[in-house]
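These notebook entries record what I looked up in a predicted model. I took one topic at a time and wrote down what I found.

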Amino acid sequence: LGNLASVLRVARELRCRFQRLDFVYLNAGIMPNPHVNFKALWHGLLTGKVLHMLTTAEGIMTQTDRLNGDGLQEVFATNLFGHFILVRQLESLLCGNENPSRLIWTSSSNARESAFSLSDYQHARGKESYSSSKYATDLTSVVLNRKFNKQGLYSSVVCPGLVMSNMTYSILPVFLWKLLMPIMWLIRFFAKTYTLTPYNGAEAHVWLFKQKPEYLDALVKYHSCTSGLGKNYVEPRKIVVDEETAEKFYQKLLELEKQVLEKYSDLLD
């Protein structure tokens, strides 16, 4: 997803092989060079905000981004724009089918408006590229529903919670994670989004597969949750987005898409 030529090639392959697509799970994500701000974490502990910080990573997680081979910020390209190009290239397979088609984006509780800026939507000047890309995901999903629901295409966003994956393990040394795991299991009694395992984190993805999309709220994010006793369930939470900002951002994506397609015109039908 971080290589646009690859995205265009796979989209062309899918158009050749299939007449329609029922589901597309837009799940790829990276968080390069993550760093923990221990000073901010300590401040959160003293001010009583530590639980919020631990469940959203707000104020304690930063990343160092870089440009990819397409000249785009790597996190933006992989987490959002590559998916956007894929969806746009697959519109003919997703729209106008007898039954509704679904886009299910993996967003995050770390998606925050404060990390996103329309004037720097690739987040070249900031240190929270992951958070920015996930907020951009929420914005994109909202606009796609407005534009494509009447054509039978529906978009949803989910948060898998805090899942221990290769991406998570890169934040701290492995031995430190092993020391922290018992504490994290205890935190689950207070922070239900500490799903911890990929199996638990997929709860909302699987739940959405079974729902009728026309009855879902386009302004809701579906969170995978796990109780302290290990029971998995899904919790809907309102997405806090400005719909005017979402529309402006969508137009910027279309402008960037035009530049990309001109560059890779040989990969188009």
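**Entry: helix α11.** I began with the face of α11 that is turned away from its buried side, and there I found the exposed residues Glu244, Glu255, Lys258, Gln259 and Glu262. I then noted the extent of the helix: α11 covers residues 243-263, which makes 21 residues. From first C-alpha to last, α11 reaches 31 Å, close to the 30 Å expected at 1.5 Å a residue.

Next I listed the buried residues of α11, which are Thr245, Ala246, Phe249, Tyr250, Leu253, Leu256, Glu257, Val260 and Leu261. These residues lie on the same side of α11 because they cover an arc of only 140° around the axis. Which helices does the buried side of α11 pack against? I found α1 (4-17), α4 (74-89) and α6 as the partners of its buried residues.

**Entry: Val260.** I chose one residue of helix α11 to follow further, namely Val260. With a relative accessible area of 8%, Val260 falls under the 20% cut-off and is therefore buried. Leaving out residues up to four places away in sequence, I found that Val260 touches Leu4 and Phe81. I also looked up its separation from Arg146: the two are 114 residues apart in sequence, and their C-alpha atoms are 24 Å apart in space.

**Entry: helix α1.** I turned to α1, since its name had come up as a packing partner of α11. Helix α1 has 14 residues and reaches 20 Å from its first C-alpha to its last, close to the expected 20 Å at 1.5 Å a residue. Its buried residues are Leu4, Ala5, Val7, Leu8, Ala11, Leu14 and Arg15. I recorded that these buried residues pack against α4, α5 (91-94) and α11.

**Entry: the second largest pocket.** How much space lies in the second largest pocket? I noted about 380 Å³. The pocket is lined by 21 residues, and nearest its centre lie Ser109, Ala111, Lys221, His223 and Arg237. I sorted the lining by residue type and obtained six nonpolar, seven polar and eight charged residues. At least two lining residues come from each of α3 (50-56), α6 (129-148), β6 (220-226) and β7 (232-238). The most is given by α3, with three residues.

**Entry: Val220.** I looked up Val220, which is found in strand β6. Val220 counts as buried, at 10% relative accessibility. Setting aside neighbours within four places in sequence, I listed its contacts as Val157, Pro236, Arg237, Lys238 and Ile239. Between the C-alpha atoms of Val220 and Lys39 I noted 33 Å, the two residues being 181 residues apart along the chain.

**Entry: positive phi angles.** I recalled that most residues other than glycine have a negative phi. I therefore made a note of His123, which is not a glycine and yet has a positive phi of about 60°. His123 lies in the loop between β4 (101-106) and α6. Is His123 buried or exposed? At 8% relative accessibility, His123 counts as buried.

I made a similar note for Leu196, which is not a glycine and has a positive phi of about 70°. Leu196 is located in the loop between α8 (174-187) and α9 (198-201). At 3% relative accessibility, I recorded Leu196 as buried.

Key
Residues numbered from 1 in each chain as written. Predicted model: local features only at pLDDT ≥ 70, side-chain atom pairs only at ≥ 80, totals over all residues. Heavy atoms only, no water. 1 Å grid on protein atoms, 1.4 Å probe; cavity = no way out; pocket = protein on both sides within 12 Å on 5 of 7 lines; lining within 4 Å. Points joined across faces, edges and corners; volume = space filled by probe spheres on them. Helix = DSSP H or I, 4+ residues; strand = E, 2+ residues; numbered from the N terminus. Nonpolar A, V, L, I, M, F, W, Y, C, P; charged D, E, K, R; others polar. Expected span 1.5 Å × (residues − 1). Buried < 20%, exposed > 50% of the residue type's maximum accessible area, 1.4 Å probe, protein only. Arc of directions from axis to C-beta. Contact = heavy atoms within 4.5 Å.
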